[in-house]
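Grab the viewer and work through these exercises one at a time. Try each task yourself before reading its solution.

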Protein chains: 2
Amino acid sequence: MIKATVYVTIKQSVLDPQGKAAQSALQALGFDEVEEVRIGKYIELELNTADQAAAEARVKEMCEKLLVNTVIEDYRYELSEAQEREGVR
Amino acid sequence: MIKATVYVTIKQSVLDPQGKAAQSALQALGFDEVEEVRIGKYIELELNTADQAAAEARVKEMCEKLLVNTVIEDYRYELSEAQEREGVR
């Protein structure tokens, strides 16, 4: 079992209205030091495979085909061996 | 300038319909090895301060007050010195 973590960020040249809204809200709450907020996605995938090299290529394909809008978003990903889950899910 | 990165994940005991939808879509595209998908948020904050210890407390407060719904979400964060931005934004 391989765990893939994908970080999707909005490209710097693209407006991030969700981030801007959070920034305004934080400033309204008195967090004046907040200069910029950008909100992306943090995607965790569990892959039922043991072949890390193949998984890497597959995750890239998943990103390009579905998970990421490459016109306006950037992404990077990491693979690791999935740990056994403990306790309550 | 300090950069804070906040990772917001949906608690394991809470359903993640967005993740489930992505999982079904990936499987429909032939990515049969995908066992679970969970989609959280990846928030980047730029803070106009140099005091890392104070910034840490402030970011925690931001998370608890606005950025994270602690009933259904978990979070963790990292602080780092912000790098100068290069080129086109």
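A residue is called buried when its relative accessible area is under 20%, exposed when that area is over 50%, and partly exposed in between. Keep in mind that you're working with a predicted model.

**Exercise 1. Cysteines**

Task: Decide whether Cys63(A) is buried or exposed, then find how many disulfides there are over all chains.

Solution. Start with the area: Cys63(A) comes out at 0% relative accessible area, so it's buried. Now do chain B, where Cys63(B) also has a value of 0% and is therefore buried. Next, the bond itself: a disulfide links the sulfur atoms of two cysteines covalently. To count one, you need a pair of cysteine sulfurs within 2.5 Å. Apply that cut-off and the tally over all chains is zero disulfides.

**Exercise 2. Symmetry**

Task: Work out what rotation superposes chain A on chain B, and which C-alpha of chain A is nearest the axis.

Solution. Begin with the general idea: a rotation about an axis, plus a shift along it, relates two copies of a chain. Here the rotation is 180 degrees, the shift along the axis is 0.0 Å, and the RMSD is 0.0 Å. The copies are thus related as by a two-fold rotation axis. In chain A, the C-alpha nearest that axis belongs to Lys41(A), at 2.2 Å. Finally, check the contact residues: 100% of those in chain A recur in chain B, so both copies use the same surface.

**Exercise 3. Salt bridges**

Task: Find which residue of chain B pairs with Glu33(A) in a salt bridge, and work out why the pair joins two chains.

Solution. First the principle: side chains with opposite charges can pair when their charged atoms come close. The structure has ten salt bridges over all chains. In one of them, Glu33(A) meets Arg58(B), 2.7 Å from N to O. Glu33(A) sits in the loop between helix H1 (17-28) and strand E2 (34-47) of chain A, while Arg58(B) is in helix H2 (residues 52-67) of chain B, so the pair joins two chains. As for accessibility, Glu33(A) is buried at 13%, whereas Arg58(B) is partly exposed at 27%.

**Exercise 4. Pairs inside one chain**

Task: Say how buried or exposed the partners are in the salt bridges Glu36(B)–Arg38(B) and Glu78(A)–Arg76(A).

Solution. Take Glu36(B) and Arg38(B), which meet at 3.5 Å, N to O. Glu36(B) is buried at 9%, and Arg38(B) is buried at 9%. Now turn to Glu78(A) and Arg76(A), which meet at 4.0 Å, N to O. Glu78(A) is partly exposed at 39%, and Arg76(A) is partly exposed at 40%.

Notes. Residues numbered from 1 in each chain as written. Chains lettered and ligands numbered in written order. Predicted model: local features only at pLDDT ≥ 70, side-chain atom pairs only at ≥ 80, totals over all residues. Heavy atoms only, no water. Buried < 20%, exposed > 50% of the residue type's maximum accessible area, 1.4 Å probe, protein only. Least-squares fit on C-alpha atoms with pLDDT ≥ 70 in both. Contact = heavy atoms within 4.5 Å. Salt bridge = Lys/Arg side-chain N within 4 Å of Asp/Glu carboxyl O. Helix = DSSP H or I, 4+ residues; strand = E, 2+ residues; numbered from the N terminus.
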